[in-house]
Amino acid sequence: MKNKLNEEKLRMSKLAGIISENTESGVQVWFDMDGVLADFDKSIDNDEELISYREDLDNLIDAEFPDYKGLDNDALKAKLKNDLAENPEDEDFKRLKKAHKKYNNRVFKLAGAPGFFKNLELMPMAVEMLKKANEITGKKPNICTAPMGNENNPKNHSVLEKRDWVEKYFKNLVNHVEVTVDKGRVARGPQDILIDDRQKYIDKFTNAGGSGIL
């Protein structure tokens, strides 16, 4: 826990430096929730079935797919899609796809259960990061987080729980909460900065004209 706290302190210091360098009139910081402010991984790490699927996937990669080592889940998925498109009948890639799908399906099943997002723990230094962004920019930061399922469904529990979670932990520390997979839609220009742990969302944001910190 101490090492994780030290890592978060270092991360906050780096983020503060980057935000400070980019501060200008009208700057607005957007924080992702899962993996940045909320400890998503901790809530699934102890699931025995998921651990088993992850071990199977890692063992297969170690044994047969060295160029997949070290890839995060999004990068692995993208590479596998491209490799299968070029080699649609390759049985090895099909086995890798099956192992990856089993792991991903378990993650989505766990995260899709009612109460999952409401019960996520705070990442170390999360509150301090929000306060620091406010201090540097003179504005309360916003949160932009992707839901599970249809974000336009008024009964989507992940949307409701994410909003409740922000209210529970941050209350008046944030200005606005946007729950959407289309994170680029909130970017007005380079003065908007998204802090996210997934490259695909950083890409959507920067492609729409915003600035991103992975």
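## The loop between helix 6 and strand 5

Lysine 171 lies in the loop that joins helix 6 to strand 5. In this predicted model, the phi of lysine 171 is near 45 degrees, a positive value in a residue other than glycine. Most residues other than glycine have a negative phi. Lysine 171 is exposed, because its relative accessible area of 55% is over the 50% cut-off.

Glutamate 167 belongs to helix 6, which covers residues 157-169. With a relative accessible area of 48%, glutamate 167 is partly exposed. Glutamate 167 and valine 177 are separated by 10 residues in sequence, and their C-alpha atoms are 9.7 Å apart in space. Valine 177 is the bridge partner, in strand 5, of isoleucine 143.

## Overall content

The protein has 7 helices and 7 strands. Read from the N terminus, the elements follow the order α-β-β-α-α-α-β-α-β-α-β-β-α-β. Of the 214 residues, 43% count as buried.

## The open sheet

Five strands form an open sheet in the order 5-4-1-6-7, and their pairing is parallel. Strand 5 (177-179) and strand 7 (211-213) stand at the edges; each has a single partner strand, so one side of each is left without a neighbour in the sheet. From one strand to the next, the twist averages 25 degrees.

The pairings can be followed across the sheet from strand 5. Strand 5 pairs with strand 4 (residues 142-145) in the parallel sense over 3 bridges. Strand 4 and strand 1 are joined by 2 bridges, also in the parallel sense, and here tryptophan 30 stands opposite asparagine 142 of strand 4. Strand 1 and strand 6 (residues 192-195) pair in the parallel sense over 4 bridges. Across this pairing, glutamine 28 stands opposite aspartate 192, and valine 29 opposite isoleucine 193. Strand 6 then pairs with strand 7 in the parallel sense over 3 bridges, where isoleucine 195 stands opposite isoleucine 213 of strand 7.

## Burial of strands 1 and 6

Strand 1 (residues 28-31) is covered on both faces. Gln28 and Trp30 lie on one side, Val29 and Phe31 on the other, and all are buried.

In strand 6, Asp192 and Leu194 point one way, whereas Ile193 and Ile195 point the other way. All of these strand 6 residues are buried. Among the opposed positions of the two strands, both members of the pair glutamine 28 and aspartate 192 are therefore buried, each with under 20% relative accessible area.

## Helix 5 and its ends

Methionine 125 precedes helix 5, in the loop that begins after strand 3 (121-122). The phi of methionine 125 is positive, about 70 degrees, although the residue is not a glycine. Unlike lysine 171, which is exposed, methionine 125 counts as buried, at 13% relative accessibility.

Helix 5 spans residues 126-137, 12 residues in total. The distance from its first C-alpha to its last is 17 Å, close to the 16 Å expected at 1.5 Å a residue. Ala126, Met129, Leu130, Ala133 and Thr137 are buried in helix 5. These residues cover an arc of only 100 degrees around the axis, which puts them on the same side of helix 5. Glycine 138 follows the helix and has a positive phi, near 80 degrees.

## Packing of helices 2 and 4

Two packed helices are described by the angle between their axes and the distance between the axes. For helix 2 (residues 48-64) and helix 4 (residues 91-111), the angle is about 155 degrees and the axes are 9 Å apart. That angle makes helix 2 roughly antiparallel to helix 4, because angles over 145 degrees count as roughly antiparallel. The crossing of the two helices is left-handed.

How values were computed:
Residues numbered from 1 in each chain as written. Predicted model: local features only at pLDDT ≥ 70, side-chain atom pairs only at ≥ 80, totals over all residues. Heavy atoms only, no water. Pairing = 2+ DSSP bridges. Axes fitted to C-alpha atoms, helices over the stretch in contact; angles between N-to-C directions. Expected span 1.5 Å × (residues − 1). Buried < 20%, exposed > 50% of the residue type's maximum accessible area, 1.4 Å probe, protein only. Arc of directions from axis to C-beta. Parallel < 35°, antiparallel > 145°, perpendicular 65-115°, else oblique. Left-handed = near helix turned anticlockwise from the far one by under 90°.
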